[in-house]
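Trainee: I should like a close look at one part of this protein. Please take the helix that ends the chain's list of elements, together with whatever packs around that helix, and describe the surroundings in one connected account.

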Amino acid sequence: MTLLIIIVFVLLVGMGLDVAFLVLFQRWREGKFVIVRDDAEALGFVSGVGRFNLYSTQQKLGYTIGSERGSLPFDALSGVQYRVEERRSLLMELFAGFDLTDFMQRYRDTRCWYSIAVVTRDGRHIPLYLASRWQQREFLMRWYFNWRDATLIKLGWLKDLAAESEQAYERIRARLGDIREL
């Protein structure tokens, strides 16, 4: 009986530490999309990339990315891109514990990137949104990671980056009008 209590205690402490680490680590890398203005004249938002204004009446995009400021008329844009990419996260794999199953593709940790950018007619990409989430994958642990992530999203401790990026894309796309999807 005492052994069972010790095992349950160790599992609960381990899960608690796992959740705490994930919440703290993800806060550092999560993107943001905060609307600061939304009226008939303009949509203004701040993302992890910079500050943007989509002026519907003037048909132009104003942006501040770092120290770069500028504006572009909508007709100078050839399209808007929404991308979801999954890339290997070897550094996190090594940090979280590397084992033999990590040589198999399905058990490799990845980082899922969500990005939105406008592309000008001369080929320049102007990023509007960028966010990422670490996807932990271990042998026989998918059920736990799915449960943990869903629970933390419901509690509001993690963002649902897929939903946030899709909503951001739809709002941006609606303000840009009849622009091509790339």
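Mentor: The account below begins with the whole chain and then turns to the two sheets, the helix and the core.

The model is a predicted one, in which local features need pLDDT of at least 70, side-chain atom pairs count only at pLDDT 80 or more, and totals for chains, interfaces and linings use all residues. Residues are numbered from 1 along each chain as its sequence is written, and side-chain values use heavy atoms, with hydrogens and water left out.

The protein chain holds four helices and eight strands; these are DSSP runs, with helices being H or I of at least four residues and strands E of at least two, numbered from the N terminus. From the N terminus on, the elements run α-β-β-β-β-β-β-α-β-β-α-α. Of the 182 residues, 40% count as buried, where buried means under 20% relative accessible area, exposed over 50%, and partly exposed in between, with a 1.4 Å probe and protein chains only. Among contacts with a separation of 6 or more, 60% are between residues 24 or more positions apart; a contact means heavy atoms within 4.5 Å.

One open sheet has five strands in the order β1-β2-β3-β4-β5, with antiparallel pairing. Two strands pair if DSSP finds at least two bridges between them. The edge strands are β1 (33-38) and β5 (68-73), each of which pairs on one side only. From one strand to the next, the twist averages 15 degrees; axes are lines fitted to C-alpha atoms, for helices over the stretch in contact, and angles run from 0 to 180 degrees between N-to-C directions. Six bridges join β4 and β5 in the antiparallel sense, and Gly-62 has Ser-71 in β5 as its bridge partner.

The helix α4 lies across β1, β2 and β3 and runs at about 30 degrees to β1.

A further open sheet consists of three strands in the order β6-β7-β8, again with antiparallel pairing. Here β6 and β8 are the edge strands, each pairing on one side only. Neighbouring strands of this sheet are turned by 10 degrees against each other on average, direction ignored. The antiparallel strands β7 and β8 are joined by 10 bridges, and the bridge partner of Ile-116 in β8 is Tyr-129. The helix α4 packs on this sheet as well, touching β6, β7 and β8, and its direction makes about 170 degrees with that of β6.

The side chains complete the picture. The largest nonpolar core has 25 residues, of which Phe-45, Leu-54, Ile-116, Val-118, Ile-172 and Leu-176 touch the most other members. Such a core is a set of buried Ala, Val, Leu, Ile, Met, Phe, Trp, Tyr and Cys residues joined through side-chain atoms within 4.5 Å. Two or more residues come from each of β2 (42-47), β3 (51-55), β4 (60-65), β6 (77-88), β7 (110-120), β8 (125-135) and α4 (161-176). The largest share, five residues, belongs to α4. Leaving aside neighbours within four places in sequence, Val-118 is in contact with residues that include Leu-61, Leu-77, Val-80, Ile-126, Leu-128 and Leu-176.

Aromatic rings also deserve attention. The structure holds seven aromatic pairs; rings of Phe, Tyr and Trp (its six-membered ring) pair if their centres lie within 6.5 Å, with planes under 30 degrees apart counted as stacked, over 60 as edge-to-face and the rest as tilted. Phe-33 and Phe-45 form a tilted pair, at 4.9 Å centre to centre and 40 degrees between the planes. This pair links distant parts of the chain, with Phe-33 in strand β1 and Phe-45 in strand β2, 12 residues apart. Phe-45 is buried at a relative accessible area of 0%, and Phe-33 also counts as buried, at 14% relative accessibility. One aromatic cluster is formed by Phe-33, Phe-45, Phe-52 and Tyr-129.

A second, separate core of nine residues includes Val-19, Val-23, Tyr-144 and Leu-152. As for helix α3 (residues 142-155), Arg-148 lies in it and is buried, with a relative accessible area of 2%. Apart from neighbours within four places in sequence, Arg-148 is in contact with Asp-18, Val-19, Leu-22 and Gln-136.
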